[in-house]
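Colleague: I would like to learn how to read the strands and helices of a model like this one, taking one feature at a time.

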Amino acid sequence: MIVIGGSSCENLANTVANQLDVTSGKLEVRRFPDGEKYLRILNEVKNEHVIVIQSMHHTPDDFLFEYLLLVDALKDLGANRVTSFIPYFAYARQDERFKPGEALSFKTVSKLIQSVGTDEIFTIDMHQHRVVKSSEVFGIPSHNLSAMRLLADYVRKEGKLTNPLVIGPDAEAEQWAKLAAESLNAEYDVFEKKRLGDSKVEIRPRKSSAKDRDVLIVDDIISTGGTIIEASKILFSQGARRIEVACTHPILASEALSRILAIGVANVVGTDTVPCPISYVSVAPLIADNVRKLSS
Ligand code: R5P
């Protein structure tokens, strides 16, 4: 077995290879003067089971295209099985035609991933508002893992929250709020969210009150930070004592982190599905455990 990470997450792939005690594959990736991408696999892969790890954060088209080059080349060079982990899977939000004429990006991306010969795919907290199971979209075995227990363990070990209330900022976040609440042995609730634009959301509380409570807000993605900021404003107005935030994919566009901290949130933690200064939690153990469970 060889683990190969694309340019989006080389450190993560090296850590996974170390944890599994297998070869960490190497790539040469560069650009031709005209901007085209060049990719070369520096290991012998014939008859190997290759674990590919490639996230699709910040420059999703670039990382997706690199993934397609990599897996197509692996299969062409005789790899007998390619199992892919796409820790941050972009384009999952465009799973429906919201306005006439829109591209169904999720469907297109999943078709491309299959077409190059991916045998099995794992994602982590992939955005699935409308799609209940990822196997409805992928025509290959697919699994959506969650990093929420790892994040909750980190928050528990840091020990800064007393008897926290866990809040999911919208209905979809209930699954993550539930997982985090179980790990923290805490109560949870979710808010109601209406998206008004790319960075504007309207959030309304439901039954819980954060008065004199420590709160952990959990979500899959922090992009512009609009969702976390609106949810935090409500919680502070209810009298929350301390608010911390945990998310799987810290995309952190448009100064999101400084804007969240500026309203009084005490701490924001994310994972290395999107490597950044708040990637305090690694998903490497989650990936390594699931590789160990694969049939040989
Ligand atoms: C959407 O429903 C997701 O679960 C996140 O809440 C959303 O992507 C966060 O985006 P933003 O940080 O831009 O509000």
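**Strands and helices, feature by feature**

Modeller: Let us begin with one pair of residues: V218 has A246 in β14 as its bridge partner. This is a predicted model, in which local features need pLDDT of at least 70 and side-chain atom pairs count only at pLDDT 80 or more, while totals for chains, interfaces and linings use all residues. Residues are numbered from 1 along each chain as its sequence is written, and side-chain values use heavy atoms, with hydrogens and water left out.

Colleague: How many bridges join β13 to β14, and what counts as pairing?

Modeller: Strands of a sheet pair through backbone hydrogen bonds, either parallel or antiparallel. Two strands are taken to pair if DSSP finds at least two bridges between them, strands being DSSP runs of E with at least two residues and helices runs of H or I with at least four, numbered from the N terminus. Here β13 (residues 214-222) and β14 (residues 242-250) run parallel and are joined by eight bridges.

Colleague: In which order do the strands of the open sheet lie?

Modeller: The order is β10-β9-β13-β14-β15, five strands with parallel pairing. At the edges are β10 (187-190) and β15 (267-269), each of which pairs on one side only.

Colleague: Which strands does α6 lie across?

Modeller: Angles are taken between N-to-C directions and run from 0 to 180 degrees, with axes fitted to C-alpha atoms, for helices over the stretch in contact. Helix α6 (residues 226-238) lies across β9 (165-168), β13 and β14, at about 165° to β13, whereas α4 lies across β13, β14 and β15, at about 145° to β14; contact here means heavy atoms within 4.5 Å.

Colleague: At what angle do α4 and α5 pack?

Modeller: Helix α4 (residues 148-158) packs against helix α5 (residues 174-184) at about 40°, with the axes 9 Å apart. That makes α4 oblique to α5, given that angles under 35 degrees count as roughly parallel, over 145 as roughly antiparallel, 65 to 115 as roughly perpendicular and the rest as oblique.

Colleague: Which side chains of β4 are buried?

Modeller: Buried means under 20% relative accessible area, exposed over 50%, and partly exposed in between, with a 1.4 Å probe and protein chains only. In β4 (residues 37-41) the side chains alternate, K37, L39 and I41 pointing to one face and being buried, while Y38 and R40 point to the other and are not. L39 is also the bridge partner of V29, and β3 and β4 form a hairpin with five residues between them, where G35 in the turn has a positive phi of about 100°.
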